[in-house]
Amino acid sequence: LLIRHFEEKAGEAYSLGQIGGFCHLYIGQEAVAVGTIAALRPDDYVVSAYREHGQALARGIAPRAVMAELFGKATGCSKGKGGSMHLFDARLHFMGGHGIVGGQIPLGAGFAFAAKYRGTDQVSLTYFGEAAANIGSFHEALNIAGLWKLPAIFVIENNGYGMGTALKRAAAITDLYQRAASYGMPGTEVDGQDVVAVKEATDAAVARARAGDGPSLLELRTFRYVGHSMSDAASGTYRSKEELETSRQRDPLILLETRLRERGALNDSSLAELEKSVTAEVEDAVRFADESPDPDPNELWT
């Protein structure tokens, strides 16, 4: 819920000119970030691509620090120098968003190698979109991770519309899993809209990594309700309004709300309290970002 409201507010701030540069929102994919990160320990590594606001929040970076970074302010988690695509917090082992498609995948393998080299049982989890499966570094990183049995988890956030990818086709998916198997790792397709299913699949991958059995590939089928970036329309170009509305029937927040209500863990009153608390936290983050100072020019040298 925090991720959803935060991203909606970020979209509004971008439209008002408070956020510059690129801005890729996570609306619709919240269950992926929450389910995967819930399976990790605080000392495990997380590395991502450029659609990482939700993952940063799920990892524990304060909404104030994330929003201030989007605003390009000195109080941002990257001191205002990274912006939307480059959120970092090494203290939380959140090793950043990366703007080059597929560029972060070898880094994820590298963090896993570091953990194995040091003899810890830490795990490295790397997010990337389905289009990155076409990048050479994807295959190189998975190959070496399988060869060396690195404690790595590679997460494909398949939102169905990766630029220049054929991964949506069944044949391409089958080929991808066959390649993963040849690299020495299982490939698993998961309902990325169901946070419990995501958590359970990640739990299994984490257990495999910690036991020294090597890496895993998780393909999480999800759907973004917004455009690729703020410059891309939500519908009307490569997908229809009807398709978008149909996908909203499996909104991850609605699926979780239904599950919690059925188990008696949530009612109208408790949901209203959650909404009130989250709304206040996001409004506070926007005020904090807006009132924060710009980076000092000397930061150019740090």
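**Group meeting: a walk through the predicted model**

Let me start with a helix contact. Four residues of helix α4, namely Pro 63, Arg 64, Met 67 and Ala 68, meet Glu 281, Asp 284, Ala 285, Val 286, Phe 288 and Ala 289 of helix α11. What you have in front of you is a predicted model, so please keep that in mind throughout.

How do α4 and α11 pack? Helix α4 covers residues 63-70 and helix α11 covers residues 268-291; they pack at an angle of about 45 degrees, and their axes are 8 Å apart. That angle makes α4 oblique to α11. As for handedness, the crossing of α4 and α11 is right-handed.

Now the sheet. In what order do the six strands stand? The order is β2-β1-β3-β4-β6-β5, in an open sheet with parallel pairing. At the edges are β2, residues 94-97, and β5, residues 187-191, and each of them pairs on one side only. From one strand to the next, the twist averages 15 degrees. In general, the strands of a sheet pair through backbone hydrogen bonds, either parallel or antiparallel.

Take the β5 end of the sheet. Strand β5 pairs with β6, residues 216-221, in the parallel sense, over five bridges. If you want one position to look at, Glu 189 stands opposite Glu 219 in β6.

Two helices lie across strands of this sheet. Helix α2, residues 30-37, lies across β3 (124-129), β4 (152-158) and β6, and runs at about 170 degrees to β3. Helix α5, residues 105-118, lies across β1 (45-48), β2, β3 and β4; its angle to β3 is about 175 degrees.

On to the charged side chains. How many salt bridges does the structure hold? There are 16. I will go through some of them.

Start with Asp 43, which forms a salt bridge with Arg 41; the closest N and O atoms are 2.9 Å apart. Are these two residues buried or exposed? Asp 43 counts as partly exposed because its relative accessibility is 27%. Arg 41 also counts as partly exposed, at 27%.

Next is Asp 44, which forms a salt bridge with Arg 210, with the closest N and O atoms 2.6 Å apart. This pair links distant parts of the chain: Asp 44 sits in the loop between α2 and β1, Arg 210 sits in helix α8 (residues 195-210), and they are 166 residues apart. Asp 44 has a relative accessible area of 0%, so this residue is buried. Arg 210 is partly exposed, with a relative accessible area of 24%.

Then there is Arg 250, in a salt bridge with Asp 191, where the closest N and O atoms are 2.6 Å apart. Here too the pair links distant parts of the chain: Arg 250 is in the loop between α9 (241-247) and α10 (252-262), Asp 191 is in strand β5, and the two are 59 residues apart. Arg 250 has a relative accessible area of 37%, so this residue is partly exposed. Asp 191 is partly exposed as well, at 27%.

Which residues are linked in a network of salt bridges? They are Arg 4, Glu 30 and Asp 251.

To recap: an open sheet of six strands, helices α2 and α5 lying across strands of that sheet, α4 packed obliquely against α11, and 16 salt bridges.

Key: Residues are numbered from 1 along each chain as its sequence is written. This is a predicted model: local features need pLDDT of at least 70, side-chain atom pairs count only at pLDDT 80 or more; totals for chains, interfaces and linings use all residues. Side-chain values use heavy atoms; hydrogens and water are left out. Two strands pair if DSSP finds at least two bridges between them. Axes are lines fitted to C-alpha atoms, for helices over the stretch in contact, and angles run from 0 to 180 degrees between N-to-C directions. Contact means heavy atoms within 4.5 Å. A salt bridge is a side-chain nitrogen of Lys or Arg within 4 Å of a carboxyl oxygen of Asp or Glu. Buried means under 20% relative accessible area, exposed over 50%, partly exposed in between (1.4 Å probe, protein chains only). Angles under 35 degrees count as roughly parallel, over 145 as roughly antiparallel, 65 to 115 as roughly perpendicular and the rest as oblique. A crossing is left-handed if the near helix is turned anticlockwise from the far one by less than a right angle, and right-handed if clockwise.
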